[in-house]
Amino acid sequence: VVTLPATWNPVGDQIDSGRDLCDAYGWPIAEVFDQDIDRSASRHARRKRKDFEALLDAIEAGRGRIVVAWEASRYYRDIEAYIRLRNACMAANVLLCYNARVFDLSKSEDRQATAQDALKAEGEADDIRDRVLRTTRAHAKKGLPHGRILFGYTRRYDPDTGDLIEQVEHPEHGPVVQEIFERVAAGETEYSIVQDLRTRGDRLPGVPWDYYHLPSMLRNVGYKGRRVFQGEDIGEATWPAIVPEELFDAVQGIVRNEARKTARDWSVKHLLSGIARCGECEDTPHLRVMKN
């Protein structure tokens, strides 16, 4: 038996329920897949579900006879994912089980029933996404912060309700942000700035300064008190600006200068250009010469 538990918390309860079901029917558990708890199962997901892929591999390899889950939406919230799972189960003659019901996908009525459940799960996922987008859009129009806190800011929350009160400049990180903008405006390179920042300590606890931190920071209009929604500046934000507008605009004239770009073209044009790779580490990018 291959058991696939929930992709959301409380995972432990759903794993226990799956184990209880297997015990009740005398199904030995071959594998448990529980590493996708932070991954969306919908078609809007941005990250791949590694354990779902591992489950398909296990089915195709014949390592189980029944796949058990809490409910249909724990397998998929995407018709394409359902079809992949259905086809894998049919090819390997593996049964599907959820809501304590076993489906034999070689039977037309079971394929129709599971397909209807898959459509319902996908529809529920789309409804949730639409509600979240409406709420996010409404907050954006009001200039309210959303998502990850910009470096240089901190947030204050109501101790009783947990509601956001305000986003304000961080007493230590805010001045660092303004210093970075001022140094770039004065003509200093991002490379030398990062080198200096590294000597002062980590950017955040356990997160050292790296070169990729500055390009996005220097282009983020949030630092001059503007709110962005889906890549568009939609108005004034509710938080204070760390960087004055004149300084921010001056830096844009520098960092967006086409003549300043140093990115290399790694397309294959010459022998070994963009081809050479490390013989030890297969997953690393192509080899390149670093400044050090």
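Biologist: How many aromatic pairs does a search of the whole structure find?

Modeller: First, the ground rules. This is a predicted model, in which local features need pLDDT of at least 70, side-chain atom pairs count only at pLDDT 80 or more, and totals for chains, interfaces and linings use all residues. Residues are numbered from 1 along each chain as its sequence is written, and side-chain values use heavy atoms, with hydrogens and water left out. Now the rings. A pair of aromatic rings is described by the distance of the centres and the angle of the planes. Rings of Phe, Tyr and Trp (its six-membered ring) pair if their centres lie within 6.5 Å; planes under 30 degrees apart are stacked, over 60 edge-to-face, and the rest tilted. The search finds eight aromatic pairs. One of them joins Phe 151 and Trp 209: edge-to-face, 5.4 Å centre to centre, 80 degrees between the planes.

Biologist: Why does the pair of Phe 151 and Trp 209 tie together parts that are 58 residues apart in sequence?

Modeller: Because Phe 151 lies in the loop between helix H5 (108-141) and strand E6 (153-157), while Trp 209 lies in the loop between helix H7 (190-200) and helix H8 (213-219). On the labels: helices (H or I, at least four residues) and strands (E, at least two) are DSSP runs, numbered from the N terminus.

Biologist: Are Phe 151 and Trp 209 buried or exposed?

Modeller: Use relative accessible area. Buried means under 20%, exposed over 50%, and partly exposed in between (1.4 Å probe, protein chains only). Phe 151 has 6% relative accessibility, so it counts as buried. Trp 209 has 5%, so it is buried as well. Set against that the stacked pair of Tyr 191 and Tyr 211, with 5.3 Å between centres and 5 degrees between the planes. Tyr 191 lies in helix H7 and Tyr 211 in the loop between H7 and H8, so this pair ties together parts that are 20 residues apart in sequence. Both rings are partly exposed: Tyr 191 at 31%, Tyr 211 at 32%.

Biologist: Which residues do ring pairs link into a cluster?

Modeller: Tyr 153, Phe 181, Tyr 223, Trp 239 and Phe 248.

Biologist: Next, charges. How many salt bridges does the count come to?

Modeller: The rule is a distance test. A side-chain nitrogen of Lys or Arg must lie within 4 Å of a carboxyl oxygen of Asp or Glu. The count comes to 12 salt bridges. Take Arg 63 with Glu 31: the closest N and O atoms are 2.6 Å apart. Arg 63 sits in the loop between helix H2 (50-60) and strand E3 (66-68), and Glu 31 in strand E2 (residues 31-32), so the bridge ties together parts that are 32 residues apart in sequence. Arg 63 is partly exposed at 41%. Glu 31 is partly exposed at 22%.

Biologist: Where do Asp 196 and Arg 200 lie?

Modeller: Both are in helix H7, four residues apart, about one turn of the helix. Their salt bridge has its closest N and O atoms 2.9 Å apart. Asp 196 is partly exposed at 26%, as is Arg 200 at 46%. These two also belong to a network of salt bridges with Glu 179, Arg 183 and Glu 188.

Biologist: Which side chain meets Lys 224 in a salt bridge?

Modeller: Asp 249, at 3.5 Å from N to O. This pair links distant parts of the chain, 25 residues apart: Lys 224 is in the loop between H8 and strand E8 (226-229), Asp 249 in helix H9 (residues 245-255). Asp 249 has 40% relative accessibility, so it counts as partly exposed.

Biologist: Which residues form a nonpolar patch on the surface?

Modeller: Patch members have over 30% relative accessible area and no salt bridge; like charges are joined within 9 Å, and nonpolar side chains (Val, Leu, Ile, Met, Phe, Trp, Tyr) within 5 Å. Areas come from the Shrake-Rupley method with a 1.4 Å probe; for residues, only the protein chains shown count as cover. Here the nonpolar patch is Ile 149, Tyr 157 and Leu 164, with about 250 Å² of accessible area together. Leu 164 lies in strand E7 (residues 164-169) and is partly exposed at 35%.

Biologist: Which residues form the negative surface patch?

Modeller: Lys and Arg count as positive, Asp and Glu as negative; His and the chain ends are not counted. The charge is placed at NZ of Lys, CZ of Arg, CG of Asp or CD of Glu. The patch is made of Asp 13, Asp 16, Asp 20 and Asp 23. Asp 16 is in helix H1 (residues 11-25) and is partly exposed at 43%.
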